[in-house]
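Hi,

Here's the structure I promised to pass along. Have a look when you get a minute, and my notes are underneath.

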Amino acid sequence: MTNESDSQGSEAPPEDPVTLRALALLRKAHPDAVVDAVTTGRHPYIEVTADGLCDACLLLRDHDELLYDCCHLVTGVDRPDDQQIEVVYHLVSYARLPDDEYRKRAEKNDPWVALKVRVPRDKPEVPTVSNVWTGADWHERETYDLVGVIFTGREELRRILLPEDWPGHPLRKDWEFPVEYHGVPIVPPEAQ
Amino acid sequence: MSPRAESTSTGEVHEGQPLVGRDLRTEELVFNMGPQHPATHGVLRVVIKSDGEVVRSLEPHIGNLHRSSEKIGEELPYYQWLPYVDRWDYLAAMNNEHVACMAIERLGGLEVPERAEYIRIIVAEVQRILSHLMAIGVYGLDLGAFTPFLHQFRERERGLDLLDHIAGARLLYHYVRIGGVKRDVSKEWIDELEVFLDAVEKRLPDYNTLLLHNHIFQERTCGIGVIDREVAVRWGVTGPALRAAGVSWDTRRDAPYSIYDRFEFDVPVGPSPIAGVAGDCFARHWLRVREVTESVKIVRQALGQMPEGPVMARVPKSYKPPVGEVYVRGENPRGELATYMVSEGKDRAYRIRCRGPSFSNIAVITEVSEGLLLGDLVAMIGSLDIVLGEVDR
Amino acid sequence: MHTWLDGLIESSSWLQGLPAGLLYLVAMVAAGAFLLIFSAVLAGETVWLERRGAGRMQARIGPNRVGPQGLLQFLADALKLLAKEDIIPSSADKTMFRLAPIIVFAGAFVGFAVIPFGYGIVVADMNVGLFLVLSLTSIEVVGVIMAGWASNSKWAVLGSMREVAQMVSYEMPLGISALAIVVLGGTLNLTDLVVQQSGGVWNWYVFRGPFAFIAFFTFGTAMLASLKRAPFDLPEAESELVAGYHTEYTGFRFAIFFLGEYAGMILFSLLAAILFLGGWDPGFPLPLTEGLLRWVGFLVLMGKVFILLFVMIWIRWSLPRFRIDKVMYLCYKVLLPWSIVCVVGIALQVLLADALPDGVIADWLMGR
């Protein structure tokens with residue numbers, strides 16, 4: 001898949017070394033897991049299959065040359081046109097790298113790597129990574145809460161920001177304002 | 001016993017059984033700390049299971065301040081959405097604006113004038129000073145020392161006046177705009193700013209006498225609520241809490257954004273040389289105090305280097321960045337604020353996702369608070385310095 | 001009081017016609033009412049002192065609108081609290097809830113009856129004065145635990161649990177430190193204790209040897225703790241327990257707790273001044289008549305109380321709060337041993353002074 005995110009002129013856009021290296025190691029270790037990758041532009045990412053996500057994450061976390069020890073952000077993006085939901089993971093590395101490695105990454109302005117998983121919209125199930133990075137726990141709960149991605153294999157996927165009985169997942173593109181909530185009428189923003 | 005027996009840790013006593021000894025059945029006491037509680041810094045609700053004063057387990061409940069700013073961002077044009085950004089971390093509005101504007105500008109490949117970059121750095125660092133002053137003072141309040149809290153307001157007031165002068169508001173500025181800043185700063189304003197910096201530097205030792213070097217303060221914070229390196233990184237804790245744990249990471253230095261690579265400043269790392277261990281409450285407090293001086297340094301350097309010129313780039317009235325995504329990280333006073341933005345070529349974002357640092361910073365208390373006393377828990381939550389606006393967004 | 005009343009009855013033939021019991025009753029009620037108003041006003045002014053003092057320390061002004069320099073602020077506050085709605089939580093134990101502030105208030109105020117404010121200015125000059133004051137002030141614990149329990153709030157229960165643990169513990173070093181002075185003075189009568197300290201600053205008990213000096217500080221610290229003053233304000237630690245045992249109280253019931261607390265401060269300051277700082281003794285001879293000296297003495301005592309109160313306020317607005325286990329540590333492992341050392345030391349000192357040949361040192365040690 002090609003991405004048109006780059007708009008910096010006619011010359012060949014520079015490849016992102018951080019993503020390239022992660023990609024090479026991932027392809028070597030789990031060739032089936034990687035679906036696609038974009039290694040240029042402002043937002044390079046590696047797309048993996050839902051089944052291969054956990055393997056990919058464990059590799060990214062534990063491989064001596066990668067050591068992404070923190071899951072910075074989990075995002076769900078609803079794509080009704082493709083009947084898909086993208087789940088994006090942004091991974092960073094803080095602690096376990098030796099100092100010179102810090103520097104090497106710092107040369108590339110944004111030393112992070114992004115993983116993408118695309119799942120069908122009617123069955124948005126993604127294996128959890130909260131057992132890989134504990135910090136992903138709350139992010140997954142929020143993604144479930146607002147976008148409705150079901151993370152499997154983890155305990156108690158509860159809503160985190162909205163009330164337990166809130167109807168639907170508001171960041172789905174086809175979500176509609178409820179008429180009322182517990183007897184309190186809700187005025188949608190257009191009507192205000 | 002009275003029917004209220006369940007509200008005490010003693011539990012009910014069965015008839016004919018001895019009062020003490022192995023037959024005494026004790027129950028855990030379940031507390032609801034918050035959403036209206038003085039020490040939860042807003043509307044955090046923590047359900048505590050405790051054995052008398054000792055916390056056995058707890059669970060934070062968030063969402064009371066959820067204002068759906070991500071959803072609003074999908075409904076409004078970029079420039080109209082920008083004021084909502086201020087309300088994430090309402091004590092660091094300038095820093096929020098800075099990161100959000102960087103993301104929007106990077107989506108469209110917009111260049112910001114040199115002078116505007118400098119002004120952004122200056123206001124962001126002034127905001128960091130103000131936010132840290134607040135954190136330092138409020139931490140005293142959490143531990144029962146009221147005076148430093150009011151003392152810091154004297155300096156904070158000056159800083160707020162400064163930002164008020166250029167932005168027209170005291171807390172939520174909407175000053176950093178897409179393509180630059182709202183208006184230029186004057187010579188007089190810069191003079192005032194220097195007075196403010198001097199005042200902060202002069203007063204900081206006073207606060208340290210009241211808190212940092214106080215014996216009771218050290219007893220309350222040293223070795224309490226330790227978040228070590230491994231736990232901090234695994235939970236995604238960032239900012240002063242991460243550095244206090246001994247991880248030398250400051251996004252301003254290690255992944256420089258804007259023009260932070262032009263300034264010389266230290267990144268203090270825990271443990272504090274004064275007392276305590278890495279990652280304890282004391283280290284976090286000490287780190288904030290140190291960071292105030294570093295921010296003062298940055299502002300002074302920025303004032304020295306600042307060129308003349310325009311403060312606003314030419315931005316089309318209807319700003320429509322091309323299809324694409326960006327992920328922008330910035331160092332807020334409370335940690336790393338990151339924004340993931342997806343554009344579909346419209347005048348509004350297709351998807352906005354904000355990573356509030358407090359969100360991850362507060363999640364960690366579920367793991368590290370077991371066995372703390374109730375007073376320690378307050379010290380712990382206070383030292384993480386969370387802002388609920390950012391947790392719930 | 002008795003002697004004064006007897007003198008009054010003898011001098012007036014009209015009064016002699018009335019039954020003596022009735023006269024005593026009227027006089028006692030009048031004295032009690034006067035004392036109540038006096039100490040309530042004093043407590044109110046202490047609140048003012050605290051708020052203005054805190055203001056000075058915190059780079060702000062404090063109340064300065066009601067009356068000259070805000071001196072009448074406490075009246076306005078009391079009026080405001082009176083006008084507030086009196087809320088009793090629906091699941092509270094109503095009788096206990098109502099009774100609790102009264103007990104706390106009474107515990108703090110009754111002690112004033114035996115406190116001599118000057119030579120002979122005392123409602124009940126008792127031989128067991130000190131003992132009575134210490135035992136009456138411990139009634140307050142009962143009120144506090146009733147308040148915590150009856151509120152049916154977990155914060156209140158925790159607050160009163162802390163309070164009971166703290167007060168019961170700190171009464172030991174408090175009482176034992178006071179005992180050290182009793183050993184030195186050989187009496188429990190507060191007036192006699194002050195009389196023994198007259199005749200110069202060096203005769204004040206606080207300066208009678210090293211043990212008495214230490215006892216002053218153990219007494220002062222234990223006093224702070226049993227008054228729940230910062231840094232020992234754990235029972236009402238607002239950042240931990242919301243407001244501790246009086247979380248659920250509103251309006252005038254809360255005001256009564258508040259007033260009781262400040263009355264307790266004054267009472268203990270009076271006690272400390274009488275036991276250690278020479279009471280109404282100015283510390284140097286004054287060329288005045290005896291009647292005038294009595295009232296000057298009253299002012300001197302009030303001055304000492306003021307200084308002690310100010311120190312308490314000063315400490316409160318400077319220090320962070322202790323943690324509950326450190327509070328207990330301080331009590332049982334620091335104050336209690338030291339106060340026992342003081343008692344034993346002073347007992348030895350008294351024995352030693354008896355053994356010594358008559359001289360300046362023995363006189364000074366024994367206060368002769």
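Below is what I found, going from overall confidence to the chain contacts, then the sheets and the helix packing.

First off, keep in mind that this is a predicted model. It scores ipTM 0.82 and pTM 0.85. For chain C, the mean pLDDT is 83, with 93% of its residues at 70 or more. Within chain C, confidence bottoms out in helix H15 (residues 360-366), where the mean is 63, and peaks in helix H10 (residues 209-226), at 88.

On to how the chains meet. Two pairs of chains are in contact, and chains A and B share the most contacts. Chain A and chain C don't touch, their nearest C-alpha atoms being 25 Å apart. Between chains B and C, 31 residues of B are in contact with 25 residues of C. On the chain B side, the elements giving two or more residues are S1, helix H4 (114-142), helix H5 (147-167), helix H7 (215-221) and helix H14 (374-384). That side of chain B breaks down into 15 nonpolar, nine polar and seven charged residues.

Now the sheets. Chain B has an open, antiparallel sheet of three strands, in the order S1-S2-S3. Strands S1 (29-33) and S3 (54-61) of chain B are at the edges with a single partner strand each, so each has one side without a neighbour in the sheet. Neighbouring strands there are turned by 20° against each other on average, ignoring direction. S2(B), residues 45-51, pairs with S3(B) over seven bridges in the antiparallel sense; if you want a spot to zoom in on, Val46(B) sits opposite Pro60(B) in S3(B).

Chain A has an open sheet of five strands with mixed pairing, ordered S1-S2-S5-S4-S3. Here the edges are S1 (34-38) and S3 (70-79) of chain A, each with a single partner strand, so again one side of each has no neighbour in the sheet. The twist averages 20° from one strand to the next. S3(A) and S4(A), residues 84-92, run antiparallel and are joined by nine bridges, with Cys70(A) opposite Val92(A) in S4(A). Helix H4 (residues 136-147) of chain A packs on this sheet, touching S3 and S4 of chain A, and its direction makes about 10° with that of S3(A).

Finally, two helix pairs in chain C. H5(C), residues 94-110, packs with H7(C), residues 139-151, at an angle of about 160°, with their axes 8 Å apart. That angle makes H5(C) roughly antiparallel to H7(C), and the crossing is left-handed. The residues of this contact divide into 15 nonpolar, three polar and one charged. Among those that H5(C) brings are Phe97(C), Leu99(C) and Ile103(C), while H7(C) brings residues including Val142(C), Met146(C) and Trp149(C).

What about H3(C) and H12(C), and at what angle do they pack? H3(C) (residues 20-57) and H12(C) (residues 251-276) pack at about 95°, with axes 9 Å apart, and are therefore roughly perpendicular to each other. Ser39(C), Ala40(C), Leu42(C), Ala43(C), Thr46(C) and Val47(C) in H3(C) meet Leu259(C), Tyr262(C), Ala263(C), Met265(C) and Ile266(C) in H12(C). By class, the residues of this contact are nine nonpolar, two polar and no charged.

Cheers

Notes:
Residues are numbered from 1 along each chain as its sequence is written. Chains are lettered from A and ligands numbered from 1 in the order in which they are written. This is a predicted model: local features need pLDDT of at least 70, side-chain atom pairs count only at pLDDT 80 or more; totals for chains, interfaces and linings use all residues. Two strands pair if DSSP finds at least two bridges between them. Helices (H or I, at least four residues) and strands (E, at least two) are DSSP runs, numbered from the N terminus. Axes are lines fitted to C-alpha atoms, for helices over the stretch in contact, and angles run from 0 to 180 degrees between N-to-C directions. Two residues are in contact if their C-beta atoms, placed from the backbone, lie within 7 Å. Ala, Val, Leu, Ile, Met, Phe, Trp, Tyr, Cys and Pro count as nonpolar, Asp, Glu, Lys and Arg as charged, and the others, Gly among them, as polar. Angles under 35 degrees count as roughly parallel, over 145 as roughly antiparallel, 65 to 115 as roughly perpendicular and the rest as oblique. A crossing is left-handed if the near helix is turned anticlockwise from the far one by less than a right angle, and right-handed if clockwise. pLDDT is the predictor's confidence in each residue, from 0 to 100.
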